[in-house]
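Trainee: Could you pick one part of this model and take me through it closely, together with whatever surrounds it? I'd like one connected picture rather than a list.

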Amino acid sequence: MNINTNPFLVAVVSLLLFLVWRNQTSEDKPHIIFIIADDLGFSGVGFNGAGYSTPNIDKLANEGIKLGRYYTQHLCTPSRAAFFTSRYPIRYGLSHWVIRAHQPSALHLNETILPQKLKLLGYRTHAVGKWHLGFFQWDYTPTKRGFDSFYGFWSAEEDYYEHTVDGGYDFRNNTEVVKNITGIYSTFLFNDEAIRIIKDYKTSGDTQPLFLYYALQNSHSPLQAPSKYVSMCEHIKSDNYKLFCAVTLAMDEAIGNLTTALKENGLWENTLLIFTNDNGGDPNESGFNYPLRGAKFGYFEGGVRGISFITGKGIPSQLKGTTYNGLFHLTDWGPTLLHVAKGKNNNNDNKNNGEFPLDGVDQWDELASNSQYEALFNQRNEVLINIDPIENNSAIIVGDWKLIVGPQHYSSW
């Protein structure tokens with residue numbers, strides 16, 4: 001019998017295939033929480049030598065795998081674009097600078113980004129915090145690019161209390177302006193929203209996995225924090241660094257609240273959590289990258305050597321508290337997370353939707369085994385740090401060597 005000519009059999013087979021897919025989605029695919037800190041320098045957390053303690057971040061890092069040779073881009077927009085596309089920013093014109101609030105520019109719509117791919121795999125996708133990939137037309141905003149919801153601001157930076165930038169107000173719930181929050185610290189708003197998403201997911205009985213992109217404003221300028229956190233940093237003599245400490249401690253507490261909510265609502269055992277910064281710290285804003293040379297805006301290690309760890313479901317118990325020393329770039333998260341989500345990452349033919357080359361590589365097997373042999377001979381032996389045709393500079397890492405060409409910001413640091 002030809003199944004294609006029997007509508008009943010076609011319906012039965014289709015239903016069975018759907019049930020198999022749905023079962024895989026609910027039981028095999030982890031929730032993914034991706035936390036990105038803003039302008040947090042290499043030494044911005046306790047486990048990397050900060051002048052203060054970040055107990056919640058440190059605990060999560062020590063329960064997972066830290067990345068020892070991890071690289072980001074040198075600025076906010078390029079890093080976020082690299083993460084979402086798994087492609088270097090030079091490929092789509094975002095390698096030079098950040099997108100400003102008044103600028104009619106954005107990540108091109110030809111780029112299929114990670115939340116769009118995860119939605120195809122059955123994920124509920126939510127973004128909380130900073131977007132910074134353009135918003136000059138509606139199609140470039142988060143809920144038009146794969147996110148089921150967005151709560152936060154679209155631009156590069158803003159006042160933590162007034163929620164304003166360049167003379168304008170910037171705070172949205174999906175596409176609607178959020179009113180009556182002036183005077184409320186943004187970290188609290190973002191934390192409340194992230195916890196609400198977790199609680200609503202639990203009470204709804206939803207069986208589809210959750211992807212939460214949690215892009216905190218901390219520790220970007222302007223440095224502002226409630227007095228509670230400032231008082232926790234009184235041992236620091238520098239007023240600016242004291243504020244940087246306070247802003248970072250507010251973030252640390254928020255991350256602790258988030259993980260508590262995941263545990264209390266029964267999601268933690270099936271959650272994979274990733275933490276990263278987006279670029280090096282800015283010394284003018286007390287960003288701290290010691291002992292690395294350079295800072296945000298530049299290609300020396302202090303500008304692009306990142307902080308990252310992965311913890312939660314899928315991490316073998318014997319690897320908890322270890323460090324993976326294979327070369328890893330921000331673009332690698334896309335293919336690696338798609339591996340975990342059991343989706344096609346297209347690395348075999350190095351194509352994205354049959355059109356664009358991917359620069360990120362799937363490193364899940366390397367992370368999950370943490371073999372020193374695989375760390376030395378993994379799929380990634382080089383990282384293109386950046387090519388900026390406007391400033392006429394560039395940098396690349398190949399093996400243990402790094403080549404920097406052209407003028408650099410903070411070259412004397």
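Mentor: Happy to! First, one definition: two strands count as paired if DSSP finds at least two bridges between them. Please keep in mind that this is a predicted model.

Let's look at strand β1, which spans residues 31-37. The chain has 11 helices and 17 strands, and 10 strands make up an open sheet with mixed pairing. Their order is β8-β7-β4-β3-β9-β1-β10-β11-β2-β12, which puts β1 between β9 and β10. The edges belong to β8 (176-177) and β12; each has a single partner strand, so one side of each lacks a neighbour in the sheet.

Now the two neighbours. Strands of a sheet pair through backbone hydrogen bonds, either parallel or antiparallel. On one side, β1 runs parallel to β10, with 7 bridges between them, and H31 is found opposite T271 of that strand. On the other side, 5 bridges join β1 to β9, again in the parallel sense; here I32 has F211 as its bridge partner. Further along the sheet, β3 (residues 124-130) and β4 (residues 149-153) are parallel too, joined by 5 bridges, and A127 is matched with F150 in β4.

How buried is β1? Mostly covered: 7 of its 7 residues are buried. In a regular strand the side chains alternate between the two faces of the sheet. In β1, H31, I33, I35 and A37 point one way, I32, F34 and I36 point the other way, and all of them are buried. For context, 58% of the chain's 413 residues count as buried.

What lies over the strand? Helix α7 lies across β1, β9 (210-215) and β10, at about 175° to β1. Another helix, α2, crosses β2, β10 (271-277) and β11 (308-312), at about 70° to β11.

Aromatic rings add to the picture, and the whole structure holds 31 aromatic pairs. One of them is Y52 with Y241: the ring centres are 6.0 Å apart and the planes stand at 50°, so this pair is tilted. Y52 sits in the loop between β1 and α2 (55-62), while Y241 is in α7 (residues 239-264), 189 residues away. So the loop that follows β1 is linked to the helix that lies across β1. Y52 is buried at 7% relative accessible area, and Y241, at 15%, counts as buried because the cut-off is under 20%.

A second tilted pair joins Y70 and F328, with 5.9 Å between centres and 40° between planes. Y70 belongs to β2 (residues 65-71) and F328 to β12 (residues 322-329), so the contact ties together parts 258 residues apart in sequence. Both of these residues are buried.

This brings us back to β1. Its F34 joins a cluster linked by ring pairs, together with Y70, F83, F84, W131, F147, F211, Y213, F328 and W333. F211, the bridge partner of I32, is therefore a member of the same cluster as F34.

Links between distant parts of the sequence go beyond these examples: of the contacts in the chain with a separation of 6 or more, 70% are between residues 24 or more positions apart.

Conventions
Residues numbered from 1 in each chain as written. Predicted model: local features only at pLDDT ≥ 70, side-chain atom pairs only at ≥ 80, totals over all residues. Heavy atoms only, no water. Helix = DSSP H or I, 4+ residues; strand = E, 2+ residues; numbered from the N terminus. Buried < 20%, exposed > 50% of the residue type's maximum accessible area, 1.4 Å probe, protein only. Contact = heavy atoms within 4.5 Å. Phe/Tyr/Trp six-rings, centres within 6.5 Å; stacked < 30°, edge-to-face > 60°. Axes fitted to C-alpha atoms, helices over the stretch in contact; angles between N-to-C directions.
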